[in-house]
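Colleague: Before I use the terms in this description, I should like to hear the reasoning behind each of them. May we go through them in turn?

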Amino acid sequence: MSDRQAQSVPGGASGSPPSAAAPGAARVRVLIHAAAPPTEQGAVEEAYHRISADLAGTPGLLGNELLRLADDPGRFVVMSEWESLAAFRSWEAGASHRGTTAPLRRYQGPPLDRPFGIYEVAAAY
């Protein structure tokens, strides 16, 4: 498979386009943009590792990555992958959500002011 070919998702026959999942049943990825001030170097990474350890075993969470902006190493995206939108929303509405993610909240910020960014994988769980 070339780098430009799409990978099939479960349910798609080999060589045919992937089948569409029912709304809310497809895997979802959640992106959170974060940056720490220069005086708190390493704070985003520390918060990410703490939260990821706390989230281990969360129903529906397939994994997450800390992505570092290649041309601005103080800016990050945390990408989490969930088995479905329903699984994510169930966790988000749960009692532990706000407390578990609190260490990163103060570093959250808006996305880039350009249409794309190139990110390096800094860590993954």
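The exchange below concerns a predicted model and takes up its sheet, a hairpin, a loop residue, a helix and a nonpolar core.

Colleague: What makes β1 and β4 the edge strands of the sheet?

Modeller: The open sheet has 4 strands in the order β1-β3-β2-β4, with antiparallel pairing. Strands β1 (28–35) and β4 (119–124) each pair on one side only, and they are the edge strands. From one strand to the next, the twist averages 25°.

Colleague: How do you know that β2 and β4 are paired?

Modeller: Pairing requires at least two bridges between the strands. Strand β2, residues 61–69, and β4 have 5 bridges in the antiparallel sense, so the requirement of at least two is met. Within this pairing, Glu65 stands opposite Ala124 in β4, while Leu69 has Tyr119 of β4 as its bridge partner.

Colleague: What joins β2 to β3, and in which sense do they run?

Modeller: These strands run antiparallel and are joined by 7 bridges. Asn64, for instance, has Ser80 in β3 as its bridge partner. The two strands form a hairpin, with 5 residues between them.

Colleague: Why is Pro73 called exposed?

Modeller: The relative accessible area of Pro73 is 53%. Exposed means over 50%, and therefore Pro73, at 53%, is classed as exposed. Its place is in the loop between β2 and β3. Although Pro73 and Glu120 are 47 residues apart in sequence, their C-alpha atoms are 9.3 Å apart in space.

Colleague: Where does helix α1 lie with respect to the strands?

Modeller: Helix α1, residues 43–55, lies across β1, β2, β3 (75–82) and β4. The helix runs at about 175° to β2. Angles between N-to-C directions run from 0 to 180 degrees, so a value of about 175° means that α1 and β2 point in nearly opposite directions.

Colleague: Which residues of the largest nonpolar core touch the most other members?

Modeller: They are Val44, Leu66, Trp82, Leu104 and Tyr107, out of 19 residues in that core. Two or more residues come from each of β1, α1, β2, β3 and α2 (85–93). Helix α1 gives the most, with 6 residues.

Colleague: What is Leu66 in contact with, leaving aside its neighbours within four places in sequence?

Modeller: Its contacts include Val44, Tyr48, Phe76, Val78 and Val121. Glu45 and Glu120 are also among them.

Colleague: Why might nonpolar side chains be found together in a core?

Modeller: In soluble globular proteins, nonpolar side chains tend to be buried together.

Technical notes:
Residues are numbered from 1 along each chain as its sequence is written. This is a predicted model: local features need pLDDT of at least 70, side-chain atom pairs count only at pLDDT 80 or more; totals for chains, interfaces and linings use all residues. Side-chain values use heavy atoms; hydrogens and water are left out. Contact means heavy atoms within 4.5 Å. Buried means under 20% relative accessible area, exposed over 50%, partly exposed in between (1.4 Å probe, protein chains only). A nonpolar core is a set of buried Ala, Val, Leu, Ile, Met, Phe, Trp, Tyr and Cys residues joined through side-chain atoms within 4.5 Å.
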